[in-house]
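User: I'm new to reading protein structures. Could you walk me through one, feature by feature?
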Amino acid sequence: MSYQLQITGLGFINSLEGNVAYISQKIGIGTTAPFSSLQVVGTGQVVTIGEASNTAGKQLLFGVNVTDGHGEIQSVWQGTGYTALALQPNGGFTGIGTIYPSKTLDVAGTGKFSGQLTLGSTITNGTFTYTL
């Protein structure tokens, strides 16, 4: 199996050893003027991480919805369907609206559930504790 790295125009590779390339400049995919260390420009699903097959590969997709502009992260097994997406599967805290989560899931702000909400044995609101 061989791999190629092709750079046209202004490109700089600071060092190349075996299968490792060190690039000190910005990298642009789909753009000739990246404004960050790595910038990928495209429409819709822009970045795919995972197996190479688009018919049977297990992948994580990143992109921007072209209809209304919201960002998307989707886990998929191509040819089978969408799969579960685990955040912090080995532990740690996840924050939504906060950069300092203090619980497994820490939401700063209001929440909305359109389906059923299942709770454990107690509910605490900061002042009162309710036992179910």
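User: Let's start with a salt bridge. Which side chain does Lys58 meet in a salt bridge?

Analyst: First, keep in mind that this is a predicted model. To find a salt bridge, you look for a side-chain nitrogen of Lys or Arg within 4 Å of a carboxyl oxygen of Asp or Glu. Here the side chain of Lys58 meets that of Glu51, with 4.0 Å from N to O. A search of the whole structure turns up 1 salt bridge.

User: Are those two residues buried or exposed?

Analyst: Use the relative accessible area: under 20% is buried, over 50% is exposed, and anything in between is partly exposed. Lys58 counts as partly exposed because its relative accessibility is 42%. Glu51 is partly exposed too, at 38%.

User: What secondary structure does the protein have overall?

Analyst: It has 0 helices and 12 strands. Of its 132 residues, buried ones make up 10%. The protein exposes about 11300 Å², with carbon and sulfur atoms supplying 55% of that. You can also ask how far apart in sequence the touching residues are. Among contacts between residues at least 6 apart, 3% join residues at least 24 apart.

User: How do I read a sheet, and in what order do the strands of the open sheet come?

Analyst: Strands of a sheet pair through backbone hydrogen bonds, either parallel or antiparallel. In this model, 4 strands make an open sheet in the order β5-β6-β7-β8, and their pairing is antiparallel. At the edges sit β5 (45–50) and β8 (81–82), each of which pairs on one side only.

User: How many bridges join each pair of strands?

Analyst: Go along the sheet one pair at a time. β5 and β6 are joined by 5 bridges, and one example is Gln45, whose bridge partner in β6 is Gly63. Next, β6 (residues 58–64) and β7 share 7 bridges. Across that pair, Leu60 has Ser75 as its bridge partner in β7, while Leu61 stands opposite Gln74. Last, β7 (residues 71–77) and β8 are joined by 2 bridges, with Val76 partnered by Tyr82 in β8.

User: Where do the side chains of β6 point?

Analyst: In a regular strand the side chains alternate between the two faces of the sheet. Along β6, Gln59, Leu61 and Gly63 point to one face and are buried. Lys58, Leu60, Phe62 and Val64 point to the other face and are not buried.

User: What about the turns: which residues there have a positive phi?

Analyst: Start with the hairpin of β6 and β7, which has 6 residues between its strands; Gly69 there takes a positive phi near 85°. The hairpin of β7 and β8 has 3 residues between its strands, and Gly79 in the turn has a positive phi of about 85°.

User: Which residue other than glycine has a positive phi near 55°?

Analyst: Most residues other than glycine have a negative phi, and most peptide bonds are trans. Gln88, though, has a positive phi near 55°. You'll find Gln88 in the loop between β8 and β9 (94–96). Gln88 counts as partly exposed because its relative accessible area is 40%.

User: Now a charged residue away from the surface. Which side chain of opposite charge is nearest to Asp106?

Analyst: When a charged residue is buried, check for a partner of opposite charge. Asp106 is found in strand β10, and it is buried yet has no salt bridge. The nearest side chain of opposite charge is Lys103, 7.8 Å away. Leaving out residues up to four places away in sequence, Asp106 touches Thr94, Gly95, Ile96, Thr98, Tyr100 and Pro101.

User: One last thing: which residues make the nonpolar surface patch?

Analyst: For a patch, look for nonpolar side chains that sit together at the surface. This one covers about 740 Å² and is made by Phe113, Leu117, Leu119, Ile123, Phe128, Tyr130 and Leu132. Take Phe113 as a case: its place is in the loop between β10 (105–107) and β11 (122–124). Phe113 counts as exposed because its relative accessibility is 57%.

How values were computed
Residues numbered from 1 in each chain as written. Predicted model: local features only at pLDDT ≥ 70, side-chain atom pairs only at ≥ 80, totals over all residues. Heavy atoms only, no water. Patch = residues over 30% accessible without salt bridge, like charges linked within 9 Å, V, L, I, M, F, W, Y side chains within 5 Å. Areas by Shrake-Rupley, 256 points an atom, 1.4 Å probe, with all protein chains shown as cover. Buried < 20%, exposed > 50% of the residue type's maximum accessible area, 1.4 Å probe, protein only. Lys, Arg positive; Asp, Glu negative; His and termini not counted. Contact = heavy atoms within 4.5 Å. Pairing = 2+ DSSP bridges.
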